[in-house]
Amino acid sequence: MSTKGKILVTGGMGYIGSHTTVELINQGYEVVIIDNLSNSQAFILDRIEEITGLRPKFYEFDLLDEKALDACFAENINLRGIIHFAAGKAVGESVEKPLYYYRNNLVTMLNVLEAMKKYNMENFVFSSSCTVYGQPDELPVTENAPVKPAESPYGYTKQVCESILRDTIASGAKIKGIALRYFNPIGAHHTGLIGELPIGVPANLLPFVTQTAYGIREQLSVFGDDYNTPDGSCIRDYIHVVDLAKAHIVAIERMIGGKNKSNYEMFNIGTGNGFSVFDVIKSFEKSTGEKVNYKVAPRRAGDIEQIWADTTIGNNELGWKAEKTIDEMTLSAWKWEQNYRKSQE
Ligand code: WQD
């Protein structure tokens with residue numbers, strides 16, 4: 001069956017990677033996945049096939065393995081683009097294991113870009129994060145806001161990877177790059193077949209909420225209600241993972257179609273709306289009818305008080321806009337939690 005071409009998705013078995021793979025296939029692309037399954041499980045491939053009717057080619061290896069990476073590129077010399085998700089993403093873990101995070105997130109970035117240069121592949125989408133802004137001086141935060149000293153090794157690796165990409169392109173490499181600065185991805189595909197699969201105790205808010213509602217966790221701790229916000233809890237720009245996934249298709253097609261205005265671009269990928277921790281709890285209870293057992297706990301080290309995106313540039317340049325509501329996000333996360341737990345029983 002003819003397709004629009006082949007896209008390599010590193011980390012394609014992960015939370016955002018699997019949702020992006022589904023949207024790529026829906027848009028007529030053939031997808032090749034590289035994933036070391038350090039933060040996902042093999043059954044996700046079956047779920048991608050169940051949703052789309054097509055099974056991506058899956059290479060299980062670590063991007064630190066340069067030989068395996070070279071062989072994979074040699075087997076797929078006609079890639080139209082690469083979307084690079086594979087990286088450690090847990091802020092707290094990065095503080096405990098900085099050497100792992102610097103090696104894993106930085107060396108893999110170098111390896112992928114070197115392979116792209118060797119095989120003359122041009123289009124690269126990088127999974128960046130609003131973490132690069134720290135606590136912005138002004139809200140909503142625009143792409144022109146200053147990058148602040150990172151609050152964690154994880155956040156610093158995102159800043160360094162953006163510089164690696166920008167400098168590689170500036171050196172004259174035949175690479176076009178777009179960095180997408182995600183805000184807070186939450187929710188799951190409407191089928192409930194794929195979603196966030198935290199290993200161990202979830203660090204992120206919504207998975208902890210859904211596991212508490214399901215009875216896996218005793219009680220949710222709200223990390224601080226004494227911030228300078230309307231209800232005292234931290235504010236974030238939560239974005240549905242499917243809206244986020246669609247932004248990747250728009251970004252790679254912008255470069256494939258030669259629509260990029262410079263060879264290095266970056267865009268905020270958020271909704272432009274800020275919701276507090278209590279707002280998320282209220283939305284979850286309203287959309288699901290479930291009660292969340294929570295207590296207010298001390299602030300969590302490293303948390304910024306509030307951030308939400310100015311999405312003007314991304315909306316105008318990419319012609320992309322987040323569509324799903326906070327209630328759709330919380331309900332879809334609950335449906336995934338229920339489906340996943342039942343499948344494990
Ligand atoms: C959101 C809010 C917590 C858990 C981080 C990374 C970001 C991205 C997403 C990778 C905060 C509060 C949380 C809990 C709580 N990482 N919270 N109780 O920290 O904004 O972003 O994860 O993609 O790059 O920085 O997300 O979901 O951990 O926290 O009260 O049990 O929920 O204090 O205010 P965060 P989060």
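**Close-up views of the ligand site and helix α1**

**View 1. Residues surrounding the ligand.** Strand β8 supplies four residues to the shell around the ligand, the largest share; strands (E, at least two residues) and helices (H or I, at least four) are DSSP runs numbered from the N terminus. The model is predicted, with local features requiring pLDDT of at least 70 and side-chain atom pairs pLDDT 80 or more, while totals for chains, interfaces and linings use all residues. Residues are numbered from 1 along each chain as its sequence is written, and side-chain values use heavy atoms, without hydrogens and water. Around the ligand stand 20 residues, each with a heavy atom within 4 Å of it; Thr131, Leu205, Ser221, Arg236 and Asp303 come nearest.

**View 2. Polar contacts of the ligand.** Pairs of N or O atoms within 3.5 Å are shown as polar contacts. Polar side-chain atoms of Arg300 and Tyr154 lie 2.9 Å and 3.2 Å, respectively, from an oxygen atom of the ligand. The backbone also takes part: a polar atom of Ala203 is 3.4 Å from a ligand oxygen atom. The protein buries 91% of the 690 Å² that the ligand exposes when taken alone (Shrake-Rupley method, 1.4 Å probe).

**View 3. Helix α1.** This helix comprises the twelve residues 15–26. Its end C-alpha atoms are 17 Å apart, which agrees with the 16 Å expected at 1.5 Å a residue, the expected span being 1.5 Å times one less than the number of residues. Eleven of the twelve residues are buried (under 20% relative accessible area, 1.4 Å probe, protein chains only), among them His19 and Glu23. Just after α1, Gly28 adopts a positive phi of about 95°.

Note on methods: Polar contact = N/O pair within 3.5 Å; in protein donor to acceptor, adjacent residues only side chain to side chain. Buried < 20%, exposed > 50% of the residue type's maximum accessible area, 1.4 Å probe, protein only.
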